[in-house]
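Biologist: I'd love a close look at one part of this protein, the place where a pair of its helices pack together. Could you walk me through that part and then show me how the rest fits around it?

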Amino acid sequence: KKGNLEGAKNCYLSVLKRGPNKKTLQAMSMLCRSLAKSKAAPGSEEQRGFVAESMEHAKAAVKLDMRDGNSWYQVGMAYMSQFFAEGAADPAKLQHALKAFQSAENGGPGPAGVTGAAQAVSAAAGGGGIGDYPDLHFNRAIVFRYQEEYGAALDGFRTAAQLDPELPWKVEVEAITQVLCRLDDGCRGAGPMFKAKRMTPIQKAMDGTGHPR
């Protein structure tokens, strides 16, 4: 039935009993995060358990195909979920998420992922980089926002909006804009805390969002 997450989980588990399958593992990772959000109290042991299970399935999918961007994306999302489930107190989780998202975009770990015949084989098998996936850019931008890297966050939301205008990017951009505008000295270029070099990429990113600086 629609919305029967536990039933869906049982179906996926039945499939996995027949043998490892990266698509099923990816789906299980995503499903466990949905269960963590809808079936468990925020910050509870149950929620952390669902998130840990999500990470387990995501990493298992990566082991089956290191060049599948979607598997790396699930790892990144699991790290994001861990960050929030554990009280948003461990910034290392966000760093791990960013590394996983980079691998998702590239189609594998490393600065350039894989290219040529290896990438073609992975793509034919349903793998490869997912740089054109709007949710990747959107969620990575959220990580940047929590790290207060506002220029990178705005760039990410802009890319996500170009790929899928239906994503709630406007709300996120507005939230960043309000934060920046509350920093009166910074916005006016005054005060001892102002650093022009730090504001330059933020101003450039905002130019592409339609919001005033």
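Modeller: Happy to, and let's start from a single side chain. With a relative accessibility of 22%, Val 179 counts as partly exposed, because buried would require under 20%. Val 179 sits in helix H9. Please keep in mind that this is a predicted model.

Val 179 is one of the residues through which H9 touches its partner, H8. On the H9 side, the contact is made by Trp 169, Glu 172, Val 173, Ile 176, Val 179 and Leu 180. Facing them from H8 are Tyr 150, Ala 153, Leu 154, Phe 157 and Ala 161. Sorted by class, this contact has 10 nonpolar residues, one charged residue and no polar ones. As for geometry, the axes of H8 and H9 lie 10 Å apart and the two helices pack at an angle of about 160°. Since that angle is over 145 degrees, H8 counts as roughly antiparallel to H9. The crossing of H8 past H9 is left-handed.

Val 179 also leads us to a loop. Its C-alpha is 9.9 Å from that of Glu 148, although the two residues are 31 places apart in sequence. Glu 148 belongs to the loop between H7 and H8. The backbone there deserves a look: Glu 148 has a positive phi of about 60°, and it is not a glycine. With a relative accessible area of 45%, Glu 148 is partly exposed. Another residue of this kind is Ala 88, again not a glycine, with a positive phi of about 55°. You will find Ala 88 in the loop between H4 and H5, and at 38% relative accessibility Ala 88 counts as partly exposed.

Now let's go inward, by way of Phe 157. Besides its part in the contact of H8 with H9, Phe 157 belongs to the largest nonpolar core, which has 35 residues. Within that core, Phe 157 and Phe 101 touch the most other members. Six helices each supply at least two of the core residues: H3 (45-64), H4 (69-85), H5 (91-106), H7 (134-146), H8 (150-163) and H9 (169-182). The largest share, eight residues, is from H4. If you select Phe 101 and ignore its neighbours within four places in sequence, its contacts are Tyr 73, Gly 76, Met 77, Met 80, Leu 136, Asn 139, Arg 140 and Val 143. There is also a second, separate core of 12 residues, including Leu 35, Ala 40, Phe 50 and Ala 85.

What does a second helix pair look like beside the one we began with? H3 and H4 cross at roughly 160°, and their axes come within 8 Å. H3 and H4 are therefore roughly antiparallel to each other, and their crossing is left-handed. H3 brings Gln 47, Arg 48, Val 51, Ser 54, Met 55, Ala 58, Lys 59, Ala 61 and Val 62 to this contact. H4 answers with Ser 71, Trp 72, Gln 74, Val 75, Ala 78, Tyr 79, Ser 81, Gln 82 and Ala 85. By class, these residues divide into 10 nonpolar, six polar and two charged.

Ser 71 is a good one to click on here. Ser 71 lies in H4 and is buried, with a relative accessible area of 0%. Leaving out residues up to four places away in sequence, Ser 71 touches Gln 26, Ala 58, Ala 61 and Val 62. Of these, Ala 58, Ala 61 and Val 62 are on the H3 side of the contact. For one more view of this end of the chain, try Met 30, which is in helix H2 (residues 22-38). Met 30 counts as partly exposed, at 46% relative accessibility. From Met 30 to Glu 53 the C-alpha distance is 10.0 Å, with their positions 23 residues apart in sequence.

Zooming out, the protein has 11 helices and zero strands. Of its 213 residues, 42% are buried. Among contacts between residues at least 6 apart in sequence, 63% join residues at least 24 apart.

Terms used. Residues are numbered from 1 along each chain as its sequence is written. This is a predicted model: local features need pLDDT of at least 70, side-chain atom pairs count only at pLDDT 80 or more; totals for chains, interfaces and linings use all residues. Side-chain values use heavy atoms; hydrogens and water are left out. A nonpolar core is a set of buried Ala, Val, Leu, Ile, Met, Phe, Trp, Tyr and Cys residues joined through side-chain atoms within 4.5 Å. Buried means under 20% relative accessible area, exposed over 50%, partly exposed in between (1.4 Å probe, protein chains only). Helices (H or I, at least four residues) and strands (E, at least two) are DSSP runs, numbered from the N terminus. Contact means heavy atoms within 4.5 Å. Axes are lines fitted to C-alpha atoms, for helices over the stretch in contact, and angles run from 0 to 180 degrees between N-to-C directions. Angles under 35 degrees count as roughly parallel, over 145 as roughly antiparallel, 65 to 115 as roughly perpendicular and the rest as oblique. A crossing is left-handed if the near helix is turned anticlockwise from the far one by less than a right angle, and right-handed if clockwise. Ala, Val, Leu, Ile, Met, Phe, Trp, Tyr, Cys and Pro count as nonpolar, Asp, Glu, Lys and Arg as charged, and the others, Gly among them, as polar.
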